[in-house]
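Colleague: Before I rely on the labels attached to this model, I would like to go through the reasoning behind some of them. Could we take them one at a time?

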Amino acid sequence: MKKIKKFLIAFCLVLAFSSVSVYASDYEDYFSNMQATLSEKDAALATGESYMSTFAAMDKITAEYYKDNANGFLGEAAEVYYGYLENDTLGEYKEITESSVEEEKDGYLVTVTAEFEKAKLTMKLECKHIRGQLTPTGLVFSTEDTGSKSLGKKLADAGLNTLIGLFTVFLILILISYIISLFKYIPAIQEKMSKKNDKKNVELAAIQNTAAQIEQKEQKEEEELVGDSELVAVITAAIVASGTSTDGFVVRSVRRSKRV
C-alpha cells in the first residue's frame, strides 16, 4: 500500500514538472491531497525521493529545457543538474541508497542520496509550512566524486601509493649509503694534502737556506775585497817609499801566497 502511495506521489510530481512556469506556492493543493493519506513527515520524505527520481530520469535536453523555462528553486536546481549532465559528472543512474528527514522549526529538511555510475548525488529538499500547508521552498544538489571508484580501484590506488612511498624510501637509503661509503676516502685525501703541505714547507726551507748561504757568501766576498784594498794600499806606499813612481803600475789581482 505504501509503495502505491509513493508511486502516486511521483506521478503527481511529474505532472507538476510539466508545468514549468510554477512557483513553490503552486504545490499547495498537491501537498494538501498527499497529506490527506500520509503524515507530514512521510509526505516530505516521499516528495524528496520523488524529486530525486524525477531529476535522475532527465536527459541533457530535458534538463536544459527546465533550466531555461522553470521558475523559482526548480529552475535553479535544473541549472545545477544540467551542469552535471553537461560535464558528464554523474554517469548512469543506479538507485537511491539513502533518504532521511529532519524536523525543523517551520517544516522539514529531506536528504536523499542516489548512486550514479561516476559519483554520488545528494539532494537536500527544504519543506516549510506556508499558509498552513507544507510546501517545498528550496532544493540543493551536491556530489561526491569518490562514489565512482570501486573497491578494487581503491585498493589499486592504495597499493600504488604504497609502492611509490617504499621506492622513495629505498632510494633515499641508497643515496645515504653511497655518501657514507665515500667517507673512507677522507683520510687519504687529508694525508695527500698534508704531504703536499710538507713538500711546500721543505721547498720553502730550502729556498730560505740557499738565500742565507748566498748572503753569507756575499758578506765574505765583501770582507775579502776590503782586505785586498788595504793590501794594495800598503804595496803602493812601499813602492812610493822606494822612490819609484807608481805611474804605469796597475794592480790586476791580489793572490795570497801559500808559502808560510
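Colleague: Which residues of helix 3 are buried?

Modeller: This is a predicted model, and in it the buried residues of helix 3 are A43, A44, A46, T47, G48, E49, S50, Y51, M52, T54, F55 and A56. The label is given to residues with under 20% relative accessible area.

Colleague: What makes helix 3 "mostly covered"?

Modeller: The description rests on a count, since 12 of the 17 residues of helix 3 are buried.

Colleague: How do you know that the length of helix 3 is close to what is expected?

Modeller: From its first C-alpha to its last, helix 3 reaches 24 Å, and the expectation for its 17 residues at 1.5 Å a residue is 24 Å.

Colleague: And how do you know that the span of helix 5 agrees with its number of residues?

Modeller: The 15 residues of helix 5 should span 21 Å at 1.5 Å a residue, and its end C-alpha atoms are 22 Å apart, so the span agrees with the expectation. As for burial in helix 5, the residues concerned are F73, L74, G75, A77, A78, Y81, Y82, G83 and Y84.

Colleague: Why is helix 3 called oblique to helix 5?

Modeller: The axes of helix 3 (residues 40–56) and helix 5 (residues 72–86) come within 11 Å and cross at roughly 45°. Angles under 35 degrees would count as roughly parallel and those from 65 to 115 as roughly perpendicular, so helix 3 is oblique to helix 5. The crossing in which helix 3 passes helix 5 is right-handed.

Colleague: Which residues make the contact of helix 3 with helix 5, and how do they divide into nonpolar, polar and charged?

Modeller: Helix 3 contributes Y51, F55 and A56, while helix 5 contributes F73, L74, A77, A78 and Y81. By class, the residues of this contact comprise 8 nonpolar, no polar and no charged. Tyr counts as nonpolar in this scheme, which matters for reading Y51 and Y81, both of which belong to the contact.

Colleague: Why is helix 4 called roughly antiparallel to helix 5?

Modeller: The axes of helix 4 (residues 60–69) and helix 5 come within 8 Å, and they cross at roughly 150°. Because angles over 145 degrees count as roughly antiparallel, helix 4 is roughly antiparallel to helix 5. Helix 4 passes helix 5 in a left-handed crossing.

Colleague: Which residues make that contact, and what are their classes?

Modeller: On helix 4 they are K60, A63, E64, Y66 and K67, and on helix 5 they are G75, A78, E79, Y81, Y82, L85 and E86. The contact of helix 4 with helix 5 has 6 nonpolar, 1 polar and 5 charged residues; Gly counts as polar here, and G75 is among the residues of helix 5 that take part.

Colleague: What is notable about the phi of D88, and is D88 exposed or partly exposed?

Modeller: Phi of D88 is near 55°, a positive value in a residue other than glycine. D88 is placed in the loop between helix 5 and strand 1. Its relative accessibility is 43%, and since the exposed label requires over 50%, D88 counts as partly exposed.

Colleague: Why is R131 called exposed?

Modeller: R131 has a relative accessible area of 68%, which is set against a cut-off of over 50%, and therefore R131 is exposed. R131 is found in the loop between strand 3 and strand 4 (133–144), and it has a positive phi of about 55° although it is not a glycine.

Colleague: What makes E92 exposed, and which residues beyond its neighbours in sequence is E92 in contact with?

Modeller: The relative accessible area of E92 is 56%, so by the cut-off of over 50% E92 is exposed. E92 lies in the loop between helix 5 and strand 1 (93–103). Leaving aside neighbours within four places in sequence, E92 is in contact with F116 and E117.

Colleague: Why is K118 called partly exposed?

Modeller: K118 has 33% relative accessibility, which is neither under 20% nor over 50%, so K118 counts as partly exposed. K118 sits in the loop between strand 2 (107–116) and strand 3 (120–130).

How values were computed: Residues numbered from 1 in each chain as written. Predicted model: local features only at pLDDT ≥ 70, side-chain atom pairs only at ≥ 80, totals over all residues. Heavy atoms only, no water. Axes fitted to C-alpha atoms, helices over the stretch in contact; angles between N-to-C directions. Helix = DSSP H or I, 4+ residues; strand = E, 2+ residues; numbered from the N terminus. Left-handed = near helix turned anticlockwise from the far one by under 90°. Contact = heavy atoms within 4.5 Å. Expected span 1.5 Å × (residues − 1). Buried < 20%, exposed > 50% of the residue type's maximum accessible area, 1.4 Å probe, protein only.
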